[in-house]
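Reader: I would like to go through this model before setting anything up. Please keep the answers short.

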Amino acid sequence: MAINLGDNAQEAAWRQEIRDFIKQEAPKELFDTEREEGGLFARMGAVKAWRDKVAAKGWIAPAWPKKYGGADMSVIEQFILNEEFAEQGVPSNVGGFGVMMIGPTLIEHGTEEQKEEHLSRILKGEVLWCQGYSEPGAGSDLAALQTRAVRDGDDYVLNGQKIWTTGAQFSDWMYMLARTDPDAPKHRGITYLLVDMKSPGVTVRPLTTLSGQQTFNEVFFEDVRVPAKNRVGEENRGWYVGTTTLDFERSSIGSAVGIRKQLESLIRQTEKGPATFKNNPQTRLEFADRWIEAEVGKMLSYRVISMQANGLIPNHEASMCKLFTSELQQRIANLSMHLFGMHGNVRNRSSMGYMQAVSSTIAGGTTEIQKGIMATRGLGLPRG
Ligand SMILES: Cc1cc2nc3c(=O)[nH]c(=O)nc-3n(C[C@H](O)[C@H](O)[C@H](O)COP(=O)(O)OP(=O)(O)OC[C@H]3O[C@@H](n4cnc5c(N)ncnc54)[C@H](O)[C@@H]3O)c2cc1C
């Protein structure tokens with residue numbers, strides 16, 4: 001049976017509206033992909049200009065309810081927006097962690113005062129947020145976290161350390177998890193807090209990655225006072241608030257189109273290269289395999305989106321999608337290095353991409369964790 005995965009008339013009109021907007025409004029420097037160093041952070045000026053235009057259109061938080069400044073878009077409309085932004089090569093998640101994760105979490109669990117204070121500032125792009133979950137001894141086993149928050153009058157006093165905190169050096173606020181009851185079972189003694197990064201006692205130390213970039217950090221807390229009004233949800237119930245945020249992180253599928261664009265760019269480079277590259281049967285086969293896999297990745301993300309559109313919560317399906325696309329990113333990075341041969345050792349876009357791809361199977365839940373989810377929840381196998 002043939003299945004039509006194309007747009008209906010209404011979806012096609014919506015896609016065209018997005019395309020026209022990008023054509024008219026996107027700053028040229030956004031497409032300056034030669035300046036790969038530092039990724040988006042290095043093109044902050046152009047990204048900011050673009051973000052202002054997207055915000056003026058009301059598209060910065062498409063899935064938020066209108067009463068909080070969102071566009072009340074359906075899952076499919078939002079997907080088309082993200083897909084088209086990726087297709088045209090402009091950043092789709094310009095609101096960062098603020099729009100993607102803390103905003104929706106506050107809409108669900110925040111007090112009116114917290115929504116009032118933060119939501120409109122997130123929408124206007126006035127504040128940047130970072131995520132303080134991982135610690136040196138708590139990554140996959142996040143509930144093992146040890147950063148302590150002790151109640152003292154109207155404040156919590158925070159001591160401890162976070163690690164791998166993406167963008168902390170640029171962030172104004174952090175949403176984070178801290179232990180408030182060390183005697184309770186580990187999932188039950190955790191509280192979700194919002195921390196002003198300018199508070200006395202917060203120290204941010206950038207970490208240099210394998211590729212020489214500084215995208216993430218260590219963050220230290222030394223007697224940092226956090227007003228109790230900055231607690232989201234109840235004390236010791238932060239795990240449940242925190243997993244809401246993770247659900248938003250894991251359902252943000254947008255990389256499938258990005259992967260195909262990366263492949264297209266590699267094909268263009270190969271076409272410009274010497275005939276030994278273009279005509280090499282091994283290279284051609286590798287390209288064909290990667291292209292098919294990119295299409296498979298797209299279908300897997302369509303599956304996740306169609307589940308969401310039908311009110312279902314993707315679980316092992318999202319893990320499959322994450323696992324497949326992150327490993328594919330690494331295979332494409334490998335292909336790129338093969339093309340350059342010994343020149344791949346020179347610091348260039350290919351070698352940078354190769355090194356960056358290493359983290360794709362760690363960030364947002366490692367490959368082993370995704371496989372565990374697929375085995376237990378997808379295949380119904382017993383826990384090992
Ligand atoms: C690019 C990048 C950006 C990140 N940004 C952030 C951020 O902004 N904020 C934040 O809080 N964190 C961030 N992280 C951290 C990320 O969430 C963790 O690195 C990840 O959850 C893995 O934790 P870990 O590094 O402690 O490794 P560990 O959990 O110590 O894992 C080590 C190894 O053991 C395996 N393993 C662990 N448990 C199991 C198990 N139960 N079964 C089988 N194998 C297992 C893992 O798969 C892995 O191979 C980022 C990471 C990366 C790479």
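Reader: Which residues come nearest to the ligand?

Author: This is a predicted model. The ligand has 19 residues around it. Of these, the ones that come nearest are Y133, G139, S140, T366 and E368.

Reader: How do the residues of the shell around the ligand divide into nonpolar, polar and charged?

Author: One residue of the shell is charged. The others divide into 7 nonpolar and 11 polar.

Reader: Which domains each supply at least three residues of the shell around the ligand?

Author: The protein is divided into domain 1 (9-94), domain 2 (129-236) and domain 3 (253-378). Strand 1 (129-132) and helix 12 (367-378) each give the shell at least two residues. At the level of at least three residues each, the shell draws on domain 2 and domain 3.

Reader: What separates the centres of domain 1 and domain 2?

Author: The centres are taken over C-alpha atoms. On that basis the separation is 30 Å.

Reader: Which residues touch the most other members of the largest nonpolar core?

Author: That core holds 56 residues. One of its members, M176, touches G132, Y133, K162, L193 and V195, leaving out residues up to four places away in sequence. The residues that touch the most other members are M174, M176, L193 and V195.

Reader: How far apart are the end C-alpha atoms of helix 10, and what span should its residues give?

Author: Helix 10 covers residues 316-340, and G341, with a positive phi near 55 degrees, follows. At 1.5 Å a residue, its 25 residues should span 36 Å. The end C-alpha atoms agree with this, being apart by 37 Å.

Note on methods. Residues are numbered from 1 along each chain as its sequence is written. This is a predicted model: local features need pLDDT of at least 70, side-chain atom pairs count only at pLDDT 80 or more; totals for chains, interfaces and linings use all residues. A nonpolar core is a set of buried Ala, Val, Leu, Ile, Met, Phe, Trp, Tyr and Cys residues joined through C-beta atoms within 7 Å. A residue is buried if 20 or more other C-beta atoms lie within 10 Å of its own, exposed if 12 or fewer, and partly exposed in between; C-beta atoms are placed from the backbone. Two residues are in contact if their C-beta atoms, placed from the backbone, lie within 7 Å. A residue is near a molecule or strand if its C-beta atom, placed from the backbone, lies within 6 Å of it. Helices (H or I, at least four residues) and strands (E, at least two) are DSSP runs, numbered from the N terminus. Ala, Val, Leu, Ile, Met, Phe, Trp, Tyr, Cys and Pro count as nonpolar, Asp, Glu, Lys and Arg as charged, and the others, Gly among them, as polar. Domain bounds come from an automatic or database domain assignment. The expected span of a helix is 1.5 Å times one less than its number of residues.
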